[in-house]
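Student: I have a structure open and would like to learn how to read it properly. Can we go through it feature by feature?

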Amino acid sequence: MSDNFEKTAEQAAAFQKIWMESMSKIMQTAFAFGNNSPPPDVLKQIRSGIFQALAQSWEEFMRSPEFLESMKQWMDTAINFRKMTNDFMAKVRNEIQAPSRDDIDTVMLTVRHMEKRLLDRVEELAVRIEKLDSRLNGHAAQPAPKVASSQAKAREPRKSARRKTKSEAA
Amino acid sequence: MSESAPYSNPWLQWQRAALDESFAALGRMTNFPTLWERAKRVRKGVSASEVVYEEDRLKLLHYRSDSKPRFKTPLVFTYALVNRPYILDLKKGRSVVANFVNHGFDTYLVDWGVPTPADRHLTLDDYINGYMANVMDYLFERTGAKSLNVLGYCMGGTMSAMFTALHPERVKNLILLAAPIDFSSNDSLLNLWTRPENFDVDKFVDTFGNCPPEFLQSTFLLLRPVGNFLEKPINFYENMHEEKFLEDFLTTESWLNDNIPVPGEVYRQFVKYLYQQNLLTQNRMPVGKHIVNLQNITCPVLNLMAGKDDLVPCSQGMPFTNLVGSKDRKTILLDGSGHIGLAIGGRAQKEVWPQACEWLAQRSD
């Protein structure tokens with residue numbers, strides 16, 4: 001409890017410091033202009049100076065450990081809240097015997113694993129066919145160096161089974 | 001107003017200013033009712049194009065030209081996964097795509113589409129060795145070219161660099177536009193906020209699935225809180241009676257707020273391997289079962305960066321030219337410009353894109 005209080009107090013102090021610094025910079029800017037320029041120009045210059053001072057202070061604040069700590073706390077809260085909602089929705093869907101997000105994710109992952117295994121196998125077969133092809137064409141006497149062939153394999157594009165061109169679709 | 005103010009008495013000057021401001025405010029008020037309608041009418045991409053290839057949610061756009069392309073080697077634009085790609089063809093006179101089409105390049109653009117919750121398991125491997133490789137294969141078939149010119153913007157640039165390193169024989173020339181490569185510095189607030197001690201990306205992706213667009217948008221806005229929450233609205237209010245300003249503002253803002261979710265696994269890999277571990281510069285970045293080695297990039301490289309980029313500061317993009325194996329490499333830095341200004345800004349249109357077109361023309365068949 002006292003830890004939390006100290007943390008909050010530190011964050012509040014950092015926030016207060018930001019505003020104190022901003023205000024002092026703003027005041028410096030406001031008094032830095034003479035009365036030679038026409039009024040709207042002076043106002044615009046003052047305003048731009050104020051914004052610059054504010055931007056600087058905020059940049060410093062957003063880099064401070066206090067801000068990073070409060071951002072982390074806020075993120076944790078948001079994630080926990082979302083997790084709670086997810087769990088609740090999953091429970092409701094399970095109760096009414098409907099598929100939940102977890103169920104769909106599991107199916108999607110299974111499909112992806114199957115796709116990956118299939119594509120890996122197709123790639124292996126492609127390499128073997130290439131080797132056979134080169135043997136048939138009489139290049140078997142000059143096998144490629146080991147490093148080069150492994151690089152070639154690494155560059156093999158992973159084809160999607162769902163590939164479809166516009167003309168094919170038509 | 002101020003030019004016509006002949007009054008030496010400051011009190012009279014103030015009165016004159018107040019009167020002028022009242023009339024301007026009246027003009028602004030008349031624009032209010034039509035704003036929403038006008039924002040809805042903003043066009044998403046202005047150059048004439050057709051979809052020539054589709055795969056899942058991906059669409060490949062081909063830009064039509066009145067004349068036959070001067071160069072045989074096609075040019076492909078790849079944009080990031082965080083926003084929509086029509087920023088590269090935002091409006092007449094501000095279109096990156098139109099610059100290249102008018103220069104005689106056969107130009108294509110990859111639109112990744114909008115991921116749904118079912119796409120949360122897509123990885124960088126699926127995008128780079130799957131979708132990108134398939135798009136390139138299709139273009140080889142379609143055009144008969146043996147290699148392509150690739151231009152990647154932002155995260156699309158990082159992905160293009162990875163693609164080129166994994167498939168060097170397929171890329172003839174590589175152009176990176178504000179692409180983050182080296183994540184070691186803390187110049188950008190994003191780097192600091194995504195450090196492992198500040199952000200648990202695993203917990204985030206496991207809970208949310210895809211990275212929500214609202215989360216990304218609010219993070220980007222927070223990078224410049226004073227600019228985005230104070231200066232921008234005030235600037236808008238002061239200039240909304242000017243037709244040209246209003247049109248530019250609505251076009252840019254419509255794009256800025258047209259965010260899309262990022263597939264969860266891609267987000268996890270990008271944050272973990274790049275923002276947190278900086279593996280790309282160490283040539284240890286895993287993409288599926290392959291490791292990206294930037295030294296494999298030997299084609300000519302053009303690296304374009306903006307001096308005032310909050311999202312991708314120069315320190316993130318500059319090291320790229322020294323990490324590749326290419327001998328032909330060039331960097332153009334546009335001082336005073338931001339992340340979006342580098343693409344659509346007036347200065348970029350005058351200073352950067354003519355140079356980039358010329359650079360590519362000299363290296364294309």
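Tutor: Sure, with chain A as the warm-up: its secondary structure comes to six helices and one strand. Here helices (H or I, at least four residues) and strands (E, at least two) are DSSP runs, numbered from the N terminus. Before we go on, this is a predicted model, in which local features need pLDDT of at least 70, side-chain atom pairs count only at pLDDT 80 or more, and totals for chains, interfaces and linings use all residues. Residues are numbered from 1 along each chain as its sequence is written, while chains are lettered from A and ligands numbered from 1 in the order in which they are written.

Student: In what order do the elements of chain A run from the N terminus on?

Tutor: They run α-α-α-α-α-β-α.

Student: What percentage of the residues in chain A is buried?

Tutor: First the term: a residue is buried if 20 or more other C-beta atoms lie within 10 Å of its own, exposed if 12 or fewer, and partly exposed in between, with C-beta atoms placed from the backbone. In chain A, buried residues make up 4% of the 170 residues. As for contacts, two residues are in contact if their C-beta atoms, placed from the backbone, lie within 7 Å. Taking the contacts in chain A between residues at least 6 apart in sequence, 56% of them join residues at least 24 apart.

Student: On to chain B, then. How do I read a single helix?

Tutor: Try helix 3 of chain B, which has 20 residues and reaches 27 Å from its first C-alpha to its last, close to the 28 Å expected at 1.5 Å a residue. The expected span is 1.5 Å times one less than the number of residues. This helix 3 of chain B also bends by about 30 degrees at B:Ala133, where the bend is the angle between axes fitted to the seven residues ending there and the seven starting there. Just after the helix, B:Gly144 takes a positive phi of about 80 degrees.

Student: Is helix 3 of chain B mostly covered or mostly open?

Tutor: Mostly covered, as 14 of its 20 residues are buried.

Student: And how do I describe two helices that pack?

Tutor: Two packed helices are described by the angle between their axes and the distance between the axes. Axes are lines fitted to C-alpha atoms, for helices over the stretch in contact, and angles run from 0 to 180 degrees between N-to-C directions. For helix 3 (residues 124-143) and helix 4 (residues 155-166) of chain B, the axes come within 10 Å and cross at roughly 80 degrees. That makes helix 3 of chain B roughly perpendicular to helix 4 of chain B; angles under 35 degrees count as roughly parallel, over 145 as roughly antiparallel, 65 to 115 as roughly perpendicular and the rest as oblique.

Student: Which residues make the contact between helix 3 and helix 4 of chain B?

Tutor: Helix 3 of chain B brings B:Tyr127, B:Ile128, B:Asn129 and B:Met132, and helix 4 of chain B brings B:Met159, B:Met162, B:Phe163 and B:Leu166. By class, this contact of helix 3 with helix 4 of chain B has seven nonpolar, one polar and no charged residues. Ala, Val, Leu, Ile, Met, Phe, Trp, Tyr, Cys and Pro count as nonpolar, Asp, Glu, Lys and Arg as charged, and the others, Gly among them, as polar.

Student: Is B:Met132 buried or exposed?

Tutor: B:Met132 is buried, with 27 other C-beta atoms within 10 Å. Leaving aside neighbours within four places in sequence, B:Met132 is in contact with B:Thr78, B:Tyr127 and B:Phe163.

Student: Could I have another helix pair to practise on?

Tutor: Take helix 6 (residues 201-208) and helix 10 (residues 264-276) of chain B, whose axes come within 10 Å and cross at roughly 175 degrees. Helix 6 and helix 10 of chain B are therefore roughly antiparallel to each other. Their contact has four nonpolar, one polar and three charged residues.

Student: What about phi angles?

Tutor: Most residues other than glycine have a negative phi, and most peptide bonds are trans. B:Asn278 has a positive phi of about 50 degrees although it is not a glycine, and B:Asn283 has one of about 55 degrees. B:Asn278 lies in the loop between helix 10 and strand 7 (285-287) of chain B, and B:Asn283 lies in the loop between helix 10 and strand 7 of chain B too. B:Asn278 counts as partly exposed, with 17 C-beta neighbours inside 10 Å.
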